[in-house]
Amino acid sequence: MAIREILKMGHPLLLKRADEVTHFNGELRQLVADLWETMAQVNGAGLAATQIGELSRVVVFGGFVSPRYPDKPPIPTTVLINPVIEPQGAEQSEDWEGCLSVPGMRGWVPRYTAIRYSGFDEKGVAFSREVEGFHARVVQHECDHLDGVLYPHRMRDLTRLGFIQPDFPGGAPSESAAD
Ligand code: NI
């Protein structure tokens, strides 16, 4: 395992579409281990392979209690490979997000409120879940990374993008963020 460098917005790899995983092998397990170790180092909520410069359709997330939804079940510790997201209805919600590739900032981002997501775990076993709220937000944020999309690209009002500070409404870092 290794802690890897997290690429920052402006790095060209963050704008690339990642490739489907075709072999569930030791190389993939190494990548997943690096993602977990790197995410833990920075106390993230999730991390996409693209963010450490690996253009594979692999994201990891969860394993913590959401401070925004303390009464809801925590997001399970999840490795999601070759993900497919299907919105459940057209409804969207907006909330603050942050990103390890856009450090120190928060933005107000629309996402589908409820989604079904499916894909494979690191052993190649297929699974799917129907989720809503913060869980749905985190999954959409992470999977966007695999298509070269960062949360500022999703924003409709760039006056609601700013650095974390006491007088910025997205300011409290514990209150939001997706990865
Ligand atoms: Ni991110």
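**Reading the nickel site and the two sheets**

Author: In this predicted model, the protein donors of the nickel ion are Cys99 (SG), His141 (NE2), His145 (NE2), Asp179 (OD) and Asp179 (OD), and they lie 2.1 to 2.7 Å from the ion.

Reader: What makes these atoms donors of the nickel ion?

Author: A donor is an N, O or S atom within 2.8 Å of the metal, and the atoms named for Cys99, His141, His145 and Asp179 lie 2.1 to 2.7 Å from the nickel ion, so they meet that cut-off. Along the sequence, the donor residues follow the spacing C-x41-H-x3-H-x33-D. His141 lies in helix α2, whereas Asp179 lies in the segment after β8, so the pair ties together parts that are 38 residues apart in sequence.

Reader: Why are His141 and Asp179 called buried?

Author: The word buried is used under 20% relative accessible area. His141 has a relative accessible area of 1%, so His141 is buried, and Asp179, at 7% relative accessibility, counts as buried too.

Reader: Where is Ser101 placed, and how do you know whether Ser101 is buried or exposed?

Author: Ser101 sits in the loop between β4 and β5. Its relative accessible area is 1%, and because buried means under 20%, Ser101 is buried. Leaving aside neighbours within four places in sequence, Ser101 is in contact with residues including Leu7, Gln51 and His145; of these, His145 is also one of the nickel donors.

Reader: What makes the pair of Ser101 and Leu7 a polar contact?

Author: A polar atom of the Ser101 side chain lies 2.8 Å from the backbone oxygen of Leu7, and the cut-off for a polar contact is 3.5 Å, so the distance falls within it.

Reader: Which strands form the sheet that contains β1, and what makes β1 and β7 its edge strands?

Author: An open sheet is formed by 5 strands in the order β1-β2-β3-β6-β7, and the pairing is antiparallel. The edge strands are β1 (46-48) and β7 (126-132), as each of them pairs on one side only. From one strand to the next, the twist averages 35°.

Reader: How do you know that β2 and β3 pair?

Author: Two strands pair if there are at least two bridges between them; β2 (residues 58-61) and β3 (residues 78-87) run antiparallel and are joined by 4 bridges, so they meet that condition. Within this pairing, the partner of Val59 in β3 is Leu80. On its pairing with β6, β3 has 5 bridges, again in the antiparallel sense, and there Pro87 stands opposite Ile115 in β6.

Reader: Which helices lie on this sheet?

Author: Helix α1 (residues 26-41) packs on the sheet and touches β1, β2 and β3, with its direction at about 40° to that of β2. Helix α2 (residues 133-145) lies across β1, β2, β3, β6 (114-120) and β7, and runs at about 125° to β7.

Reader: Why is one side of β4 and of β8 left without a neighbour in the sheet of β4, β5 and β8?

Author: Here 3 strands form an open sheet in the order β4-β5-β8, with antiparallel pairing. β4 (92-99) and β8 (161-163) stand at the edges and have a single partner strand each, so one side of each is left without a neighbour in the sheet. The twist in this sheet averages 20° from one strand to the next. Strand β5 (residues 102-112) is joined to β8 by 3 bridges, and Gly107 stands opposite Leu161 in β8. Helix α2 packs on this sheet as well, touching β4 and β5 at about 60° to the direction of β4.

Reader: Which residues have the most contacts inside the largest nonpolar core?

Author: The largest nonpolar core has 17 residues, and those with the most contacts inside it are Val59, Phe61, Ile75, Leu80, Ile115, Tyr117 and Val139. The largest share of this core, 5 residues, comes from α2. Outside its neighbours within four places in sequence, Tyr117 is in contact with residues including Phe61, Leu80 and Val139.

Reader: Why is Asn43 called exposed, and Asn82 buried?

Author: Exposed means over 50% relative accessible area and buried means under 20%. Asn43, in the loop between α1 and β1, has 72% and is therefore exposed, while Asn82, in strand β3, has 15% and is therefore buried. Neither is a glycine, but Asn43 has a positive phi of about 60° and Asn82 has one of about 50°.

Notes: Residues numbered from 1 in each chain as written. Predicted model: local features only at pLDDT ≥ 70, side-chain atom pairs only at ≥ 80, totals over all residues. Heavy atoms only, no water. Helix = DSSP H or I, 4+ residues; strand = E, 2+ residues; numbered from the N terminus. Axes fitted to C-alpha atoms, helices over the stretch in contact; angles between N-to-C directions. Contact = heavy atoms within 4.5 Å. Buried < 20%, exposed > 50% of the residue type's maximum accessible area, 1.4 Å probe, protein only. Polar contact = N/O pair within 3.5 Å; in protein donor to acceptor, adjacent residues only side chain to side chain. Donors = N, O, S within 2.8 Å, 3.2 Å for Na, K, Ca; no water. Core = buried A, V, L, I, M, F, W, Y, C linked by side-chain atoms within 4.5 Å.
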